[in-house]
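Good morning, and thank you for making time for this presentation. Please bring up the sequence and the structure, and I shall take you through them part by part.

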Amino acid sequence: MFVVMTSGATEAEILGVKSRILAEGLTPFDHEDGAHVVIAVVGEIGERKPALIDQFATLPGVERVTPITRPFKLTSREFHPDDTVIRVLDAAIGDGSLTVMAGPCSIESRDQLFETAEAVKAAGATVLRGGAFKPRTSPYAFQGLGVEGLRYLAEARERTGLPVITEVMEPSQVDIVAEYADILQIGTRNMQNYSLLRDVGRVARPVMLKRGYGATVEEWLMVGEYIVSSGNPNVILCERGIRTFETYTRNTLDLAAVPLLHHLTHLPVIVDPSHATGKRWLVKPLAIGGVAVGADGVMVEVHPDPDRALSDAEQQLDLDQFRSLMAALVPVHDRVRGMHGDPVVENAASSAAGLAKH
Ligand code: PEP
Ligand code: MN
């Protein structure tokens with residue numbers, strides 16, 4: 001439920017509500033929504049709901065209490081109608097600009113990373129990607145350079161000024177990855193690794209959460225809720241394809257998830273056409289499609305010599321193909337900008353009615 005304070009509520013009244021919530025064994029998360037402070041009440045509420053609504057509604061400074069039936073609260077549009085904008089170095093994600101995260105699947109050497117970093121930066125990428133710890137389907141495949149890869153990534157940031165993103169696979173790696181990287185990536189295979197989620201919830205770095213290849217949108221948002229409720233509000237969602245019966249493509253890119261997520265949540269949404277398709281020549285049309293349906297940006301794999309890549313050779317773009325992708329993507333983004341309008345939301349501060357489930 002959300003407690004909507006009156007527009008003139010004092011600090012003391014806001015504190016009073018929060019301490020009542022804490023006294024019930026629940027956690028308050030507040031957010032300013034226009035003239036109102038809205039406090040989300042999260043925790044195990046169960047059958048106490050009607051009694052708690054009555055109790056909180058009578059506290060000084062409270063305008064009303066709005067129940068919410070969605071299982072995700074802090075990540076919901078109702079709680080936070082404005083888009084979340086994530087700022088890292090000079091990049092802003094979710095502010096209406098086009099985010100392009102580009103770089104190799106795996107960091108293979110200093111030269112390979114630097115050559116790619118400089119080329120993608122010159123072509124307009126806004127974030128550099130590169131895997132140091134690699135979740136490989138086969139235990140015999142290249143597993144990444146580990147900490148050495150993280151060091152190259154940090155050096156590439158110094159050279160290009162681009163913020164860097166890399167995957168963290170286990171709780172024991174969170175601190176070291178957070179030391180070198182600007183954005184932590186949770187991979188599809190780890191989307192429901194709850195100890196990892198709690199740990200990335202405690203670091204002061206944005207987290208990009210890739211959709212589990214068998215996860216529904218609601219399961220994915222519940223995982224985002226884990227991270228936000230652990231104390232890290234800077235979560236980016238990445239649609240990277242789900243597993244279906246189709247075998248021509250590596251996964252099936254769920255483009256409907258993009259506008260759906262913009263409707264359900266305030267978090268930025270990125271599309272990854274590389275892992276979604278597994279085929280180089282499908283990356284460009286689907287990146288264009290992702291931006292056309294309103295994604296905040298794309299993540300694509302780029303390698304100076306893709307055929308010799310140590311991982312995901314078939315899906316990485318070469319440097320020319322990346323330049324050609326950028327030339328196509330920028331006008332599409334300019335064209336669709338503003339076209340999608342505001343997502344349809346019920347504003348927590350202005351909607352007196354309860355919220356429908358879907
Ligand atoms: C990646 O982006 O490096 C990666 C392994 O992606 P995913 O987790 O989506 O397979
Ligand atoms: Mn890859």
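Which residue in strand 11 does Leu184 stand opposite? The residue facing Leu184 is Val207. Before I go on, please keep in mind that this is a predicted model.

Let me stay with strand 11, which covers residues 207-210. Strand 10, residues 183-186, runs parallel to strand 11, and three bridges join the two. Between them the chain passes through helix 6, residues 194-200, in a right-handed β-α-β crossover. Strand 12, residues 235-239, also runs parallel to strand 11 and is joined to it by four bridges. In that pairing, Met208 stands opposite Ile236 of strand 12. The connection here is helix 7, residues 217-229, and together strand 11, helix 7 and strand 12 form a right-handed β-α-β unit.

How do the side chains of strand 11 point? Val207 and Leu209 are directed one way, Met208 and Lys210 the other way, and all are buried. In general, side chains of a regular strand alternate between the two faces of the sheet.

We may now place these strands in the wider fold. Eight strands close into a barrel, in the order 7-8-9-10-11-12-13-14, and the pairing is parallel. From one strand to the next, the twist averages 25°. Elsewhere in the barrel, two bridges join strand 8 to strand 9, residues 164-167, and these strands likewise run parallel. Leu128 has Val164 of strand 9 as its bridge partner.

I turn next to the metal site. Which protein residues act as donors to the manganese ion, ligand 2? They are Cys105 through SG, His275 through NE2, Glu301 through OE and Asp312 through OD, at 2.0 to 2.4 Å from the ion. Along the sequence, their spacing is C-x169-H-x25-E-x10-D. The pair Cys105 and Glu301 links distant parts of the chain, being 196 residues apart. Cys105 sits in the loop between strand 7 (99-103) and helix 3 (110-123), whereas Glu301 belongs to strand 14, residues 297-301.

Are these two donors buried or exposed? Cys105 has a relative accessible area of 2%, so it is buried. Glu301 is at 0% relative accessibility and therefore counts as buried.

From the loop of Cys105 the chain leads on to helix 3. The 14 residues of helix 3, at 1.5 Å a residue, should span 20 Å; its end C-alpha atoms are 20 Å apart, so the expected and computed spans agree. Its buried residues are Gln112, Leu113, Phe114, Thr116, Ala117, Ala119, Val120 and Ala123. Those residues pack against strand 7, strand 8 (127-129), helix 4 (147-160) and helix 11 (319-336). Just after helix 3 comes Gly124, with a positive phi of about 110°.

Finally, I would draw attention to His80. Where does His80 lie? Its place is the loop between strand 4 (62-66) and strand 5 (86-88). His80 has 16% relative accessibility, and because buried means under 20%, His80 counts as buried. Leaving aside residues up to four places away in sequence, His80 touches His31 and His266. The C-alpha atoms of His80 and Leu267 are separated by 9.4 Å, although these residues are 187 residues apart along the chain.

That concludes the presentation, and I shall be glad to take your questions.

How values were computed: Residues numbered from 1 in each chain as written. Chains lettered and ligands numbered in written order. Predicted model: local features only at pLDDT ≥ 70, side-chain atom pairs only at ≥ 80, totals over all residues. Heavy atoms only, no water. Donors = N, O, S within 2.8 Å, 3.2 Å for Na, K, Ca; no water. Buried < 20%, exposed > 50% of the residue type's maximum accessible area, 1.4 Å probe, protein only. Pairing = 2+ DSSP bridges. Right-handed = clockwise from strand over helix to strand, strands pointing away. Expected span 1.5 Å × (residues − 1). Contact = heavy atoms within 4.5 Å. Axes fitted to C-alpha atoms, helices over the stretch in contact; angles between N-to-C directions.
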